[in-house]
Structure formats: C-alpha cells, structure tokens
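Reader: Please take one part of this structure and look at it closely, with the neighbouring elements and the empty spaces described in one connected account. I would like the residues named wherever they can be.

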Amino acid sequence: MSLKTVSAKIFAKIVALRIQKWSRNPIETQQKVFEKLIADAKNTAFGSDHDFVNITSYKTFAKHVPIRDYEALKPYVERVVSGEENVLWPGKPLYFAKTSGTTSGAKYIPLTKQSMPHHIEAARNAILCYINETGKADFADGKMIFLQGSPEMDEKNGIKLGRLSGIVAHYVPAYLQKNRLPSWETNCIDDWETKVDAIVEETKSEDMTVISGIPSWVQMYFEKLQKNTGKKVGDLFKNFNLFIYGGVNYEPYRAKFENLIGRKVDSIELFPASEGFFAFQDSQKEKGMLLLLNAGIFYEFIEASSFFEENPKRLTIGDVEIGVNYVMIISTNAGLWAYNLGDTVQFTSTKPYRVIVSGRIKHFISAFGEHVIGKEVEEAMNKAMEKYNFSITEFTVAPQITPSEANLPYHEWMVEFENEPESIPEVTQFLDTEMQQQNSYYFDLIAGKVLQPLKVTSLKKNSFQTYMKSQGKLGGQNKVPRLSNDRNIADALIKIQP
C-alpha cells in the first residue's frame with residue numbers, strides 16, 4: 001500500500017466525521033449559511049435594493065426577495081459583466097462560467113472567491129466518502145481522466161470566463177497532476193470528436209483507474225477506445241473500477257457501459273452546476289445524493305405541481321417531504337438570490353437529507369395536462385431494459401399533438417437502441433403500462449381516450465450524436481433533454497433518418 005493510499009484513507013476518515021457533524025444538524029447549518037449570506041451582501045446593490053439590513057429572518061427574506069430565473073436577474077448580471085463592483089456580491093467575481101441558455105443566449109454565471117472552493121471540495125469529498133465507506137483507495141496510484149471542456153479562458157472587463165469544467169481544471173491539486181489525463185494540450189482542443197480521438201491515443205496504453213464525465217460522452221470515448229484497440233474497456237484498463245458522473249441519470253446507460261467495460265464498476269454520482277455544487281453520492285448503500293447544506297448555498301423548495309401558481313408556497317429544508325417533486329431555489333455566496341435553477345429534485349431521505357434529480361421544470365410533457373417528468377420515463381425505460389434484456393444509446397420523449405388521419409395524439413419515444421429487443425411492440429406496451437402506473441394524469445388521459453398509448457420510434461445509430469453536432473452541442477457539459485413539450489428535437493431526429 002503506497003503512502004498516497006494510506007494518506008487518502010486517513011484524510012477520508014477526517015472528512016467523513018466533519019460531514020457527519022453538519023449533516024446531523026441540518027436546520028442549524030442552513031440558518032448559519034442564511035445569516036452569513038445576508039450579512040456579507042447587505043452593502044451590495046442587490047442588498048440595498050432588497051433592504052437586506054432589515055432582513056432578520058427567512059420570513060422577511062421571502063417577503064423582500066422574489067424568486068427569479070436568469071432572465072429576471074439579468075439586469076444585475078449585466079452590471080457585473082460590464083465591470084461594476086458590489087452588485088450581487090462584494091467586489092468582483094473571480095470568473096464567469098459561460099453557459100448556453102435556450103431563451104437568454106449566453107448566460108454568465110458568477111463564481112466568487114467564496115464560492116469557488118466549494119466546487120473543488122465537493123468533488124474531492126465525494127471521492128473521500130467513497131474511500132471511507134468502501135476502504136478502496138488503490139485507484140489513487142493509477143491514472144485518472146476527467147472528460148471536460150477546454151481550460152482556455154477569455155476575459156471580459158478584467159474577469160476571466162469559460163466553461164465550468166474548464167475553470168475547475170485549473171484547480172486540480174498538485175498531488176493529482178501527474179496522475180491526471182488528458183494532457184493540457186489535448187484538453188484545449190475545441191472540436192469534441194477530434195478531442196476524444198486524441199484522448200484515446202493518450203490513454204489507451206495507460207493504467208486508467210478512475211474515469212469521470214457525463215455518461216453520454218464517456219460512452220463515446222469507450223466506443224472509440226474499443227474500435228481503436230479491439231478490446232473491452234475493462235480488459236484494456238484492468239484496474240479501472242470507479243466511474244464518476246453527473247449531469248444525467250446513469251441508469252439508462254448502465255447496461256451499455258457494462259457491456260463496453262466487460263464488467264460492473266462502482267460509480268459515484270455528482271450534482272454540480274455552474275451555479276453551485278449541490279450534492280454528491282456519499283454512500284454506495286443508500287439511494288440519493290447528500291445535499292450540501294454547509295457549502296455557501298441556502299436552499300428553498302417549491303412543489304413542482306404548484307410552481308406556476310401566482311404565489312406558490314416557499315419551503316425551507318425543515319419543511320420538505322420524501323418523494324415530493326420540488327423545484328429547487330438557491331441563494332449563494334456567488335450572488336444568486338432566490339434563483340430558480342430549473343432543476344427538480346425529490347428527497348429520498350431526511351436523516352441525512354439526500355436527493356435525486358427528478359428532471360427540469362422546463363423539461364416535461366404536459367401538452368394535455370399529464371405532467372410527465374424525467375424520473376418517470378427513465379424508471380419506465382430502466383424496468384423495460386431489465387425485463388426485455390436490451391440496451392440503448394439514448395432516448396428522448398415528445399408529444400405528437402397532430403397525428404395523421406383521425407388518430408388520437410400520443411407520446412412518441414425516440415429511442416436509439418444499442419441492441420433491439422425481440423419485440424418492440426411488446427416493449428412499447430410495457431412502457432405505456434408503466435407510465436400509467438406511475439402517473440395518474442397520464443392514466444386518466446389514456447382511459448378517457450384523450451391520448452392513445454405511446455409509440456416507440458427506433459432511430460438509426462449515432463442519431464443523437466448527429467443531432468447534437470448539428471446544434472453545436474457535441475460533447476462537454478451538453479445533454480439531450482429527456483423530455484420536451486414540443487416537437488423541435490423529435491422532428492430534427494426524424495429528419496436525420498434515412
């Protein structure tokens with residue numbers, strides 16, 4: 001056992017005890033975060049506009065600070081981007097994480113001296129919790145790869161800007177630098193396909209032990225590895241036993257991954273975003289990710305079913321219930337205030353508080369009042385794959401509101417199969433039954449003959465990669481929406497077919 005492995009185990013124990021301390025006092029922990037956020041920002045422009053000096057409780061905060069999305073907060077953000085100080089948070093941000101918004105064009109999310117360390121610590125602590133629970137630390141001696149955006153940055157009015165994953169690349173600790181791949185030069189390649197080809201060449205002869213990234217893009221890397229070497233990933237990397245991921249649910253990809261690898265490997269789920277690092281999987285035995293209540297973020301929650309009402313009820317951590325679909329609202333030490341992140345979560349535990357990401361409040365299907373969410377379609381697909389022994393590359397679901405002839409409308413499941421099931425009609429019927437059991441609104445619409453049962457459309461290989469490339473979103477942190485309330489993605493996928 002190497003010195004690095006021994007040190008990792010000792011440090012993991014210390015960090016686990018620290019996490020245990022705050023996670024056992026969730027309400028007190030959040031109250032301290034809340035009070036510090038208000039105190040630190042009371043002299044900012046936003047704090048002045050919203051009377052922070054007189055905010056003495058969460059109740060007064062909710063009264064003074066309305067919920068905003070990026071569009072509503074944009075006037076303040078634009079002042080920060082122009083170089084003005086003390087707008088949303090004291091001073092200027094260290095960075096802007098630049099993301100592509102669907103309605104706002106480019107979005108500039110501030111990262112501050114206070115918020116940045118939490119992004120790094122959370123990723124580190126996720127691995128340390130794994131080591132502490134499992135006792136496995138030998139991977140620390142091998143090579144690690146993090147599929148991410150380019151670390152090259154631009155500058156705007158004295159503030160550096162880039163993709164979050166590229167910014168984080170600048171903070172890899174020195175003791176990991178010699179273990180980390182790909183090289184800086186390869187990481188700076190912009191074209192994703194060229195970049196993955198270069199990563200394959202750099203890694204195929206290395207002792208890779210940890211691989212991290214969004215599942216759909218890691219899958220592309222695995223496929224290229226296999227094509228290049230003629231070997232299963234697990235045979236190529238005999239000590240690869242840990243996959244770290246975030247951004248999307250891993251379950252729809254798991255069967256394909258295990259086939260590409262040739263065996264099962266442990267996995268750790270993360271919940272990072274440009275706006276903050278919110279949760280990570282702290283246990284291999286428990287469902288859900290530990291919500292980070294001490295990381296400079298104050299959380300509010302609104303039941304998704306009432307989110308679009310005029311004055312929906314705002315809840316704090318002590319008010320939430322297991323299994324309810326909530327829109328997550330955040331206030332952070334990067335200067336986001338009562339900010340609608342757009343993600344929906346469900347709690348799997350309240351001792352400690354663990355969550356799963358159930359979808360996006362904008363990514364749903366409710367063309368007929370069915371309120372179908374991402375978690376429901378993914379659970380149905382996972383059960384179908386297990387029952388009928390098939391695997392998929394990717395899928396998305398959209399409504400077909402105006403079917404040909406006099407047929408009823410329906411939900412169309414666009415599926416790129418890795419290996420097709422023996423009977424797609426049988427799988428289709430199973431998926432529809434599962435959806436009816438999970439979603440009472442959907443059941444009522446089928447029973448009332450407002451909708452006909454769903455239909456599965458089988459797509460040719462690489463359809464989703466071709467679509468993402470056509471949108472300029474191949475690789476990096478980009479993800480295919482699991483659900484759409486319109487036909488934009490579905491129709492584009494159909495046009496790709498022969």
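**A span, a pocket and two cavities**

Author: In this predicted model, the span of residues 291-350 has end C-alpha atoms that lie 10 Å apart, and its content is 0% helix and 45% strand. The UniProt record, an unreviewed entry, places the feature "domain: GH3 middle" at these residues, 291-350.

A pocket can be followed from here. The second largest pocket has a volume of about 460 Å³, and its lining comprises 23 residues, with Ala304, Ser305, Asn325, His371 and Ile373 lying nearest its centre. At least two lining residues come from each of strand E14 (339-350), strand E15 (353-360), helix H14 (374-388) and helix H16 (440-447), and E15 gives the most, with three residues. By class, this lining divides into 13 polar, seven nonpolar and three charged residues.

Some of these elements also border loops with unusual backbone geometry. In general, most residues other than glycine have a negative phi, and most peptide bonds are trans. Pro352 lies in the loop between E14 and E15, and the peptide bond that leads into Pro352 from Lys351 is cis, with omega near 0°. Asn389, found in the loop between H14 and E16, has a positive phi of about 55° although it is not a glycine. Elsewhere in the chain, the peptide bond from Leu181 to Pro182 is also cis, with omega near 0°, and Pro182 sits in the loop between strand E6 (180-181) and helix H9 (184-187).

Helix H16, which supplies at least two residues to the pocket lining, also packs with a helix. Two packed helices are described by the angle between their axes and the distance between the axes. The axes of H16 and helix H15 (residues 424-438) come within 5 Å and cross at roughly 120°, an angle that falls outside the 65 to 115 degrees of the roughly perpendicular class, and the two helices are therefore oblique to each other. On the H15 side the contact is made by Asp432, Met435, Gln436 and Gln438, and on the H16 side by Ser440, Tyr442, Phe443 and Ile446. The contact of H15 with H16 has four nonpolar, three polar and one charged residues.

Enclosed space remains to be described. The structure holds four cavities of 30 Å³ or more. The largest cavity contains about 140 Å³ of space, and 13 residues line it, of which Ser216, Trp217, Glu394, Phe464 and Gln465 lie nearest its centre. Helix H11 (215-229), strand E16 (391-400) and helix H17 (463-470) are the elements that give two or more residues to this lining, and by class the lining has five nonpolar, five polar and three charged residues.

The second largest cavity holds about 80 Å³ of space, and among its 14 lining residues, Ser115, His119, Glu275, Gly276 and Phe277 are the closest to its centre. Two or more lining residues come from each of strand E2 (105-111), helix H6 (116-134) and strand E10 (276-280). Seven polar, six nonpolar and one charged residues make up the lining of the second largest cavity.

Methods
Residues numbered from 1 in each chain as written. Predicted model: local features only at pLDDT ≥ 70, side-chain atom pairs only at ≥ 80, totals over all residues. Heavy atoms only, no water. 1 Å grid on protein atoms, 1.4 Å probe; cavity = no way out; pocket = protein on both sides within 12 Å on 5 of 7 lines; lining within 4 Å. Points joined across faces, edges and corners; volume = space filled by probe spheres on them. Helix = DSSP H or I, 4+ residues; strand = E, 2+ residues; numbered from the N terminus. Nonpolar A, V, L, I, M, F, W, Y, C, P; charged D, E, K, R; others polar. Axes fitted to C-alpha atoms, helices over the stretch in contact; angles between N-to-C directions. Parallel < 35°, antiparallel > 145°, perpendicular 65-115°, else oblique. Contact = heavy atoms within 4.5 Å. UniProt positions renumbered as here; feature names shortened; annotations may be inferred.
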